[in-house]
Amino acid sequence: MSTPPELVGPAVGGALPFGENPVATLEAAVWVMAAVVSTQRQALSESLEDVLAADAERTAVLESAGLVRRDADGFAVHPSLVQADALTARSAVEAKLSSLRQAVSAAASDAEAAGLGWGAQGDEVLLRQGRASAATGRALAGKVVPALPGCAERLRAQGSRVLDVGTGVGALAVVLAASFPEVRVEGIDVLERALDLAGAELSAADPAVTARVFLRRENAAELSEEERYELIWLPAPFLSEEALRAALPRLAAALVPGAWLVAGTNPAADDALRRSVGRWTATRGGGNSFDTARMSEELVGLGLEETRTFPTVPGGPVLVAARRPAGLSAPRDQSDAALRPSSRPAAVTSQSISASS
């Protein structure tokens with residue numbers, strides 16, 4: 001039985017300095033990421049210590065990037081290589097594989113492919129990105145819902161409803177249905193191909209759970225239900241700004257008074273490289289570049305209240321929750337009401353969560 005690797009901090013002097021030939025260094029960095037993902041993927045079924053020992057050349061790449069250090073007792077590893085639990089680790093691997101495949105697609109395609117959204121991605125990307133969302137579902141169920149006043153009680157009521165916007169292959173919807181046995185989860189998506197893939201994913205899940213999962217093709221910007229849902233999940237970065245403008249007031253109207261909307265957002269990046277990459281990937285994916293603060297302001301501008309933020313993992317998504325107060329009249333004029341400047345500052349509280357349940 002091998003000893004679990006110890007944790008180490010970042011490499012002295014910083015990992016991967018650009019040097020005199022930054023393009024060559026960045027090309028090597030692609031292989032560093034490949035080593036990270038393949039190592040983490042293999043460690044889903046084996047101990048990390050054994051995985052590192054089994055492939056000396058791959059581990060040497062991780063060492064050169066400052067992620068692994070050999071010592072007399074084995075290996076010391078950077079915390080970013082280690083996940084809290086097996087489910088979180090699996091979701092993280094799926095997300096990284098999806099990101100790598102999207103990067104390859106961006107490198108191989110011409111400018112005409114930019115902005116085509118998820119419809120331009122292959123089935124493998126859709127599946128991996130969708131499966132990665134299961135981690136968000138566990139965070140919602142295990143950490144966020146219990147922290148939102150009245151939310152857990154509502155979801156324990158027979159016939160309560162949850163809306164999963166941009167459901168993709170339905171992974172998040174299944175997690176929520178499994179977590180709340182009384183809930184009916186309705187998932188909507190504009191991409192027919194994703195819903196076709198969801199059929200196979202749902203057929204492999206527990207039938208007692210999937211019997212309460214209902215997926216349909218619908219644009220959140222055209223949602224017509226009012227006062228229907230006790231909880232709405234909105235992965236905001238995946239919607240275009242135009243779609244988000246139209247969808248937000250409709251989603252606010254679809255909340256039962258006193259119910260909560262939770263939006264996934266991207267945190268503001270600390271450096272120019274990640275900010276520019278974030279903008280590019282958002283544009284190519286047909287999404288938007290709103291950060292957490294902007295989303296909080298917009299929810300308050302729609303009349304929602306009790307805004308709270310929930311960081312997930314370092315550098316990862318931040319979930320923003322806001323509540324529809326009793327007696328709120330939902331905006332009717334979509335062009336005027338959607339994403340209007342806030343007339344009052346958001347009262348934001350923050351609570352850290354992990355993506356595990």
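Here is a short tour of this structure, stop by stop, with something to select at each one.

**Before you click**

You are looking at a predicted model, where local features need pLDDT of at least 70, side-chain atom pairs count only at pLDDT 80 or more, and totals for chains, interfaces and linings use all residues. Residues are numbered from 1 along each chain as its sequence is written, and side-chain values use heavy atoms, with hydrogens and water left out.

**The whole protein**

Start with a cartoon view. There are 14 helices and 11 strands in the protein; helices (H or I, at least four residues) and strands (E, at least two) are DSSP runs, numbered from the N terminus. Of the 357 residues, 46% are buried. Here, buried means under 20% relative accessible area, exposed over 50%, and partly exposed in between (1.4 Å probe, protein chains only).

Now switch on the surface. The protein exposes about 17,100 Å², with carbon and sulfur atoms supplying 55% of that. Accessible areas come from the Shrake-Rupley method with a 1.4 Å probe, and for residues only the protein chains shown count as cover. As for contacts (heavy atoms within 4.5 Å), 75% of those between residues at least 6 apart in sequence join residues at least 24 apart.

**Stop 1: the largest nonpolar core**

Select Ile 232, Leu 234 and Leu 251. These have the most contacts inside the largest nonpolar core, a set of 29 residues. A nonpolar core is made of buried Ala, Val, Leu, Ile, Met, Phe, Trp, Tyr and Cys residues joined through side-chain atoms within 4.5 Å. Elements giving two or more residues to this core are β4 (161-165), β7, α11 (241-254), β8 (255-265), α13 (292-301) and β10 (318-323). Helix α11 gives the largest share, seven residues.

Apart from this core lies another one, of 28 residues, including Val 145, Val 162, Leu 172 and Val 213.

Then zoom in on Leu 234. Not counting residues up to four places away in sequence, Leu 234 touches Val 165, Leu 239, Leu 244, Leu 248, Leu 251, Val 262, Ala 263 and Gly 264.

**Stop 2: a network of charges**

Next, select Arg 161, Arg 184, Glu 186, Arg 216, Glu 218, Glu 225 and Arg 228: they are linked in a network of salt bridges. A salt bridge is a side-chain nitrogen of Lys or Arg within 4 Å of a carboxyl oxygen of Asp or Glu, and the count by this rule comes to 15.

Look at Arg 228 and Glu 186, whose side chains meet in a salt bridge at 2.7 Å, N to O. Arg 228 sits in the loop between β6 (213-217) and β7 (229-235) and Glu 186 in strand β5 (residues 184-189), so the pair ties together parts 42 residues apart in sequence. Are the two partners buried or exposed? Arg 228 is partly exposed, at 27% relative accessible area, while Glu 186 is buried, at 1%.

In the same network, Arg 216 bridges to Glu 225, with the closest N and O atoms 3.1 Å apart. Arg 216 is partly exposed, with a relative accessible area of 24%.

**Stop 3: an arginine without a bridge**

Now go to Arg 212, in the loop between α10 (207-210) and β6. What is the nearest side chain of opposite charge? It is Glu 182, 7.2 Å away, and Arg 212 is buried yet has no salt bridge. For charges, Lys and Arg count as positive and Asp and Glu as negative; His and the chain ends are not counted. Among the residues Arg 212 touches are Ala 177, Phe 180, Pro 181 and Val 183.

**Stop 4: inside helix α3**

Select Leu 62 in helix α3 (residues 56-64). Leu 62 is buried, with 0% relative accessibility. Leaving aside neighbours within four places in sequence, Leu 62 is in contact with Val 32, Ala 35, Val 36, Thr 39, Leu 52, Leu 67 and Val 68.

**Stop 5: a nonpolar patch outside**

Finish on the surface with Phe 18, Leu 26, Leu 273 and Val 277, which make a nonpolar patch of about 370 Å². Patches are made of residues with over 30% relative accessible area and no salt bridge: like charges are joined within 9 Å, nonpolar side chains (Val, Leu, Ile, Met, Phe, Trp, Tyr) within 5 Å. Phe 18 lies in the loop between β1 (6-7) and α1 (22-42), and counts as partly exposed at 42% relative accessibility.
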